[in-house]
Amino acid sequence: MAHNELILTDVTKRFGGLTAVDALSFKVSAGQIYGIIGPNGAGKTTVFNCITGIYKSEQGSVKWRGEEIRGLTPYQIVDRGIVRTFQTIRLFSQMSVAENVMSGRHIKSKQKLWHGIVHSPWSKRDELANWHKVEEQLDFFNLSEFAAIPTGSLPYGIQRRVEMARAMAVDPTLLILDEPAAGLNDKETMELLQTIFKIRDKGVTVLLIEHDMDMVMEVTDYLTVINFGKKIAEGTPEAIQKDPAVIEAYLGSEDDDDE
Ligand SMILES: Nc1ncnc2c1ncn2[C@@H]1O[C@H](COP(=O)(O)OP(=O)(O)O)[C@@H](O)[C@H]1O
Ligand SMILES: [Mg+2]
């Protein structure tokens, strides 16, 4: 039976007088593709920032596999296998695609940095293993042909794949994606869907925020809908599509937010 890997309970994050996330609770099971949706400004990215250690919520609990991770640093959270991508691309644009993916491996082996400094045999072995991982990810994301090209010179859709490849190179248990379909065309979005299914088939749990409703409905097993930082509904995509509160808060305003 699937167990709950990630459990948020009453997570609250304020910015001055604004409550961006308001007593939010949800549970993600191992192997799920879980979606968080809501209008712009609903607090989706802030929730992700609370899970990944960028922010510490003022209240509530974030439990990962039974351990309280609220208050840990981003590195400590990556160390536990929780890895994310960002809503806007954050890559080293001058560096090649392969080097960018490699930077994910270096995050992972940061604690072994002293091996590199003293040039122990372990560092060479690690480096070789790292390159194998990079090759594997380039292959998985159909990026091999771009391996040596500076990332900044590639089309946007390809850069987004590089970001996901870098995240996957860290060997996540939970992959967190912030609007992965933003800026992609229909064909790229379809490919992204297939990629997310393939990632789940590798045994990785996926938590994603998405603005593109059609995409969310096709890819997720279960959803939480938030508005003004609060949960307004949760359920399967089929149930969510029929939920009057969701239709009012989100679907009703669809025309306004496809910028
Ligand atoms: N660092 C910050 N400082 C102040 N306000 C912020 C900060 N980050 C987000 N907010 C505010 O919190 C609310 C939720 O933002 P965000 O989580 O980015 O929403 P979403 O990702 O759902 O579009 C918004 O009103 C936003 O302006
Ligand atoms: Mg956001």
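In the predicted model, strand S3, which spans residues 33–37, is paired with S8 in the parallel sense through 4 bridges. Within this pairing, tyrosine 34 has leucine 207 of S8 as its bridge partner. Both strands belong to an open sheet of 6 strands, arranged in the order S6-S7-S8-S3-S9-S10 and mixed in its pairing. The edges of this sheet are formed by strand S6 (82–84) and strand S10 (230–235), each of which pairs on one side only. On average, and with direction ignored, neighbouring strands of the sheet are turned by 20° against each other. Helix H6 packs on this sheet through contacts with S6 and S7, and the direction of H6 makes about 155° with that of S7.

A further open sheet consists of 4 strands in the order S2-S1-S4-S5, and its pairing is antiparallel. Here the edge positions are taken by strand S2 (18–29) and strand S5 (67–68), each pairing on one side only. Helix H1, comprising residues 44–51, packs on this sheet and touches strand S1 (4–15), S2 and S4, with a direction that makes about 115° with that of S1. The antiparallel pairing of S1 with S2 extends over 8 bridges, and in it arginine 14 is matched with threonine 19 of S2 as its bridge partner. The hairpin formed by S1 and S2 has 2 residues between the strands, and glycine 16 takes a positive phi near 60° in this hairpin. At the other side of the strand order, strand S4 (residues 59–64) is joined to S5 by 2 bridges, the two strands running antiparallel; lysine 63 has glutamate 68 in S5 as its bridge partner.

The largest nonpolar core contains 35 residues, and those with the most contacts inside it are Phe141, Leu143, Ile196, Ile199 and Met215. At least two residues of this core are supplied by each of helix H3 (97–108), helix H5 (121–140), helix H6 (156–168), strand S7 (174–178), helix H7 (186–201), strand S8 (205–209) and helix H8 (213–219). The contribution of H6, at 6 residues, is the most given to this core. Because domain 1 (1–81 + 172–259) and domain 2 (89–170) both give residues to the core, it lies between them. With residues up to four places away in sequence not counted, isoleucine 199 touches Phe140, Phe141, Met164, Met168, Leu175, Val204 and Val206. Another core, of 25 residues, lies apart from this one and has Tyr34, Ile36, Val62 and Leu174 among its members. In soluble globular proteins, nonpolar side chains tend to be buried together.

Threonine 220 is located in the loop that lies between H8 and strand S9 (222–227). The relative accessible area of threonine 220 is 7%, and this residue is therefore classed as buried, the cut-off for that class being under 20%. A polar atom of the threonine 220 side chain lies 2.7 Å from the backbone oxygen of valine 216. When neighbours within four places in sequence are left aside, threonine 220 is in contact with Ile33, Tyr34, Gly35, Leu208 and Pro237. Of these contacts, Tyr34 is also the residue whose bridge partner in S8 is leucine 207, and Tyr34 is one of the residues of the 25-residue core.

Definitions and conventions:
Residues are numbered from 1 along each chain as its sequence is written. Chains are lettered from A and ligands numbered from 1 in the order in which they are written. This is a predicted model: local features need pLDDT of at least 70, side-chain atom pairs count only at pLDDT 80 or more; totals for chains, interfaces and linings use all residues. Side-chain values use heavy atoms; hydrogens and water are left out. Two strands pair if DSSP finds at least two bridges between them. Contact means heavy atoms within 4.5 Å. Axes are lines fitted to C-alpha atoms, for helices over the stretch in contact, and angles run from 0 to 180 degrees between N-to-C directions. A nonpolar core is a set of buried Ala, Val, Leu, Ile, Met, Phe, Trp, Tyr and Cys residues joined through side-chain atoms within 4.5 Å. Buried means under 20% relative accessible area, exposed over 50%, partly exposed in between (1.4 Å probe, protein chains only). Domain bounds come from an automatic or database domain assignment. A polar contact is a pair of N or O atoms within 3.5 Å; within protein, one must be able to donate a hydrogen and the other to accept it, and residues adjacent in sequence count only if both atoms are side-chain atoms.
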